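Student: Could you take one small part of this structure and walk me through it closely? I'd like the surroundings too, told as one connected story.

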Amino acid sequence: MITLDWLYILAGIAFSLFSLLSALDQANGKRFGNAAFWGLLAISFFFGGMLSDFANGILVLVLVGIAGIGWLGRSDPPTTSLEERLGLSEKFGNRLFLPALIIPITAFAGTILYNYTPIGDSGVFETRWVTLILLGLGVLIALIVCVAWLRPPLLAPIEEGRRLMDSIGWAAVLPQMLAALGAVFALAGVGDVIGGIAGGVIPDGNVFVAVLIFCLGMALFTMIMGNAFAAFPVMAAAIGIPFLVIEYGGNPAIIGAIGMLAGFCGTLMTPMAANFNIVPAALLELKSQYGVIRMQVATAIPLLACNILLIYFLAF
Amino acid sequence: MSEYLVLSGVLIVIVGFALRLNPLLVVTLAALATGLLGGLDFVAVISAFGAAFNDNRYISVVWIVLPVIGLLERYGLQQRARSLIEQIRSATMGRLLLLYLLFRQITAALGLTSVAGHAQTVRPLVAPMAEAAAEKTHGELEEDEREQVLGMSAATDNIGLFFGEDIFVAIASILLIQGVFQSYGYELTPLQLSVWAIPTAICAFIIHGSRLLWFDKRLGRSSGRAGQ
């Protein structure tokens, strides 16, 4: 069976090659910092499952150290110039889209086929990760097609991948770090304390205010944790179930479903949701790391208001 | 009062982000402080942090698309995306992003959340297309306007994903809601929950969609140049 571990090996190979080429890149003054950073990530992908928790923790601290001291630089491997790219895009035309589309189409068609035809019974893929595994498969197919068609220099895929990776830099592991922070928060009981505070401000008998505090609490708590999944169990236990469902007789399905979506409005407004808000800013090379959040706030706030009204009018 | 001490990690995060310190350092300090104040010893905190980092590797696995995207960019993919949009007469930035919003909401509602994303579609295709479409109608963009167009492209991807995915019955958040309510004795089916994601999905489409069209109109007006 093809599992998530296969993807980790693929990622491990990619990061090892990024690391190796970084180390050999004499044009980058911080080449050894880059090599160490991507190399440690490669180790994490290859061996993370075998290392002890403490060893993984030390690995993370070293990663943070490298980035924190400023040893991570941005490389600029030789590539085509803008003029050359314009010429090449004329030459290859719209066919250039095809390899780019192989990845989403493999993931899309593959998931549909796997879930809705007997292929799924074969058990080739680990069910929980089908789309992600197919994404990886799509990458491999697209890579083979590109190499066969465009005939790039041997190292070009890795050099170009490394260029993009370096433009993202430490932000590439921030989402994973924040997920780890969330786990520590949960272990230390941060959620329960926040839930206690939120539950404590609920006034008696006013359904609308209770809904308001539930939804605002979901959004705010999600902004703190970067993740509505951490906020939901706590806010449901503090307000959603005891007050909205039991005391005021609200419909649990509506309160649950829309309450979670109120949390998603918070996700749009916080740097803690790094993979959605900080990483794309790096990926698009925006000047402000908050450039994406800035464009989302004006959607998130009215949508949060809609969610409050939806719960109030639909659930009671 | 002492129970509120564990909230100091939250404070560290807020202050750290506000001061624009390196986020990796901020997050690590917050984790150490929270764990220690929460009564764990040093080794236990590091172990918990390392274990969770390891369990969440799947988040970073998406970077394997970069070699393909980078390779295609080397051969002019972004330039091709731009010239394709320039050729389509009726294409404007607002309409383009609106269409992408719809596409992202529908595919996410079918459970296909990894089909598109910032690395796979926004950087190589959507953002350059949106920029080209904006320049077609409004002329050369100022630096801040360009940032806004790119930021809006990424924002549209997020909003489409978030307010589409919960319509799919087997997504993690639906299962979490179901699990939490089950532990309090409420049996809800995933379908019962996912239908209630539809009203918000419609609101999200209307709100963000109108913002996209409005943003497109406003863009040229601010400096009163080009386009006419």
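Tutor: Here is a walk from one loop residue out to its neighbours, the chain interface and a helix.

Bear in mind that this is a predicted model. Let's start at A:Thr79, which sits in the loop between helix 3 (53-69) and helix 4 of chain A. Is A:Thr79 buried, exposed or partly exposed? Its relative accessibility is 29%, and because buried means under 20% and exposed over 50%, A:Thr79 comes out as partly exposed.

Now look at who surrounds it. Setting aside residues within four places in sequence, A:Thr79 touches A:Glu84, A:Arg85, A:Glu160 and A:Arg163, plus B:Arg74 from the other chain. Two of these neighbours are worth zooming in on. The side chain of A:Thr79 makes a polar contact of 3.2 Å with that of A:Arg85, and another, at 2.7 Å, with the side chain of A:Glu160. If you want a sense of distance across chain A, try A:Ser122: it is 43 residues from A:Thr79 along the chain, and their C-alpha atoms are 43 Å apart.

Follow A:Glu160 next, since it takes you over to chain B. Its side chain meets that of B:Arg74 in a salt bridge, with 2.7 Å from N to O. B:Arg74 is also in contact with A:Thr79, so the loop residue and both salt-bridge partners can be viewed together.

That salt bridge belongs to a set of 5 between chain A and chain B. Across the interface there are also 26 residue pairs in polar contact. On the chain A side, the residues touching chain B split into 101 nonpolar, 27 polar and 8 charged. In total, 136 residues of chain A contact 107 residues of chain B, and the two chains bury about 11200 Å² between them, 78% of it on carbon and sulfur atoms.

To finish, swing over to helix 6 of chain A, residues 130-150. This 21-residue helix spans 30 Å from its first C-alpha to its last, close to the 30 Å expected at 1.5 Å a residue. Its buried residues include A:Val130, A:Leu135, A:Gly138, A:Ala142, A:Cys146 and A:Leu150. The cover over the buried residues comes from both chains: it includes helix 1 (4-24), helix 4 (82-92) and helix 5 (97-116) of chain A, along with helix 4 (66-74) and helix 7 (118-138) of chain B. Just past the end of helix 6, A:Arg151 adopts a positive phi of about 45 degrees.

Technical notes: Residues numbered from 1 in each chain as written. Chains lettered and ligands numbered in written order. Predicted model: local features only at pLDDT ≥ 70, side-chain atom pairs only at ≥ 80, totals over all residues. Heavy atoms only, no water. Contact = heavy atoms within 4.5 Å. Buried area = accessible area lost by both parts, 1.4 Å probe. Salt bridge = Lys/Arg side-chain N within 4 Å of Asp/Glu carboxyl O. Polar contact = N/O pair within 3.5 Å; in protein donor to acceptor, adjacent residues only side chain to side chain. Nonpolar A, V, L, I, M, F, W, Y, C, P; charged D, E, K, R; others polar. Helix = DSSP H or I, 4+ residues; strand = E, 2+ residues; numbered from the N terminus. Expected span 1.5 Å × (residues − 1). Buried < 20%, exposed > 50% of the residue type's maximum accessible area, 1.4 Å probe, protein only.
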